[in-house]
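Trainee: Could you walk me through this fold, a few helices at a time?

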Amino acid sequence: MNQDDLDNPREYIIPLIGERATQLFSQAVSGTDIGSPQLTEVEQLLVDWGRILGGAPGEVDHSRVEASFNPQLREALVELAARLTRPSSQL
């Protein structure tokens, strides 16, 4: 992952986990109700982790996050979460 990937983490993430999983993660981070879709195990992990990164109370098994996503993808997901939670005045 290079600086361009961090400049647009969503574009880096989508080819790796797909549009749907990226959208679910983004909605979870921003606190948007995702409804009750059928989620894969990976999507559920992304939603749970996204909610926590967005500031919601809860826990996630970090060993599962580390086992499921490589370090570069985790970094990009954290960067995307930071951008989604950063006040617009800081963008």
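Mentor: Below we go through the helices and a few of their residues, one question at a time.

Mentor: This is a predicted model, where local features need pLDDT of at least 70, side-chain atom pairs count only at pLDDT 80 or more, and totals for chains, interfaces and linings use all residues. Residues are numbered from 1 along each chain as its sequence is written, and side-chain values use heavy atoms, with hydrogens and water left out.

Trainee: Let's start with helix 4; does its span come out as expected or not, and what is the distance between its end C-alpha atoms?

Mentor: Helices here are DSSP runs (H or I, at least four residues), numbered from the N terminus. The expected span is 1.5 Å times one less than the number of residues. Helix 4 has 13 residues, so it should span 18 Å, and its end C-alpha atoms agree with that at 18 Å.

Trainee: Which residues of helix 4 are buried, and which helices do they pack against?

Mentor: Buried means under 20% relative accessible area, exposed means over 50%, and partly exposed is in between, using a 1.4 Å probe and protein chains only. In helix 4 the buried set is Glu 43, Leu 45, Leu 46, Val 47, Trp 49 and Gly 50. Those residues pack against helix 2 (9–17), helix 3 (19–30), helix 5 (62–68) and helix 6.

Trainee: Glu 43 caught my eye; why does it count as buried, and which backbone nitrogen does its side chain reach?

Mentor: Glu 43 sits in helix 4 (residues 41–53) and counts as buried because its relative accessibility is 9%. Leaving aside neighbours within four places in sequence, it is in contact (heavy atoms within 4.5 Å) with Arg 20, Ala 21, Leu 24 and Gln 38. At 2.9 Å, its side chain reaches the backbone nitrogen of Thr 40.

Trainee: And Val 42, also in helix 4: what is its relative accessible area?

Mentor: Val 42 has its C-alpha 7.5 Å from that of Ser 68, with the two positions 26 residues apart along the chain. Val 42 counts as partly exposed because its relative accessible area is 39%.

Trainee: Which residues of helix 3 are buried, and what covers them?

Mentor: Helix 3 has twelve residues and reaches 16 Å from first C-alpha to last, close to the 16 Å expected. Its buried residues are Ala 21, Thr 22, Leu 24, Phe 25, Ser 26, Ala 28 and Val 29. The cover over them includes helix 2, helix 4 and helix 6.

Trainee: Which residues does Ala 21 touch, beyond those up to four places away in sequence?

Mentor: Ala 21 lies in helix 3 and counts as buried because its relative accessibility is 4%. Outside that sequence window, it touches Glu 43 and Leu 46.

Trainee: How do helix 2 and helix 3 sit relative to each other?

Mentor: They pack at an angle of about 125 degrees, with their axes 7 Å apart. Axes are lines fitted to C-alpha atoms, for helices over the stretch in contact, and angles run from 0 to 180 degrees between N-to-C directions. Angles under 35 degrees count as roughly parallel, over 145 as roughly antiparallel, 65 to 115 as roughly perpendicular and the rest as oblique. Helix 2 and helix 3 are therefore oblique.

Trainee: Which residues make that contact?

Mentor: Helix 2 brings Arg 10, Ile 13, Ile 14 and Ile 17. From helix 3 come Glu 19, Ala 21, Thr 22, Gln 23 and Ser 26.

Trainee: Last one: is Ala 76 buried or exposed, and which residues is it in contact with outside four places in sequence?

Mentor: Ala 76 belongs to helix 6 (residues 71–85). It counts as buried because its relative accessibility is 0%. Leaving aside neighbours within four places, its contacts are Met 1, Pro 9, Tyr 12 and Ile 13.

Notes
Helices (H or I, at least four residues) and strands (E, at least two) are DSSP runs, numbered from the N terminus. A polar contact is a pair of N or O atoms within 3.5 Å; within protein, one must be able to donate a hydrogen and the other to accept it, and residues adjacent in sequence count only if both atoms are side-chain atoms.
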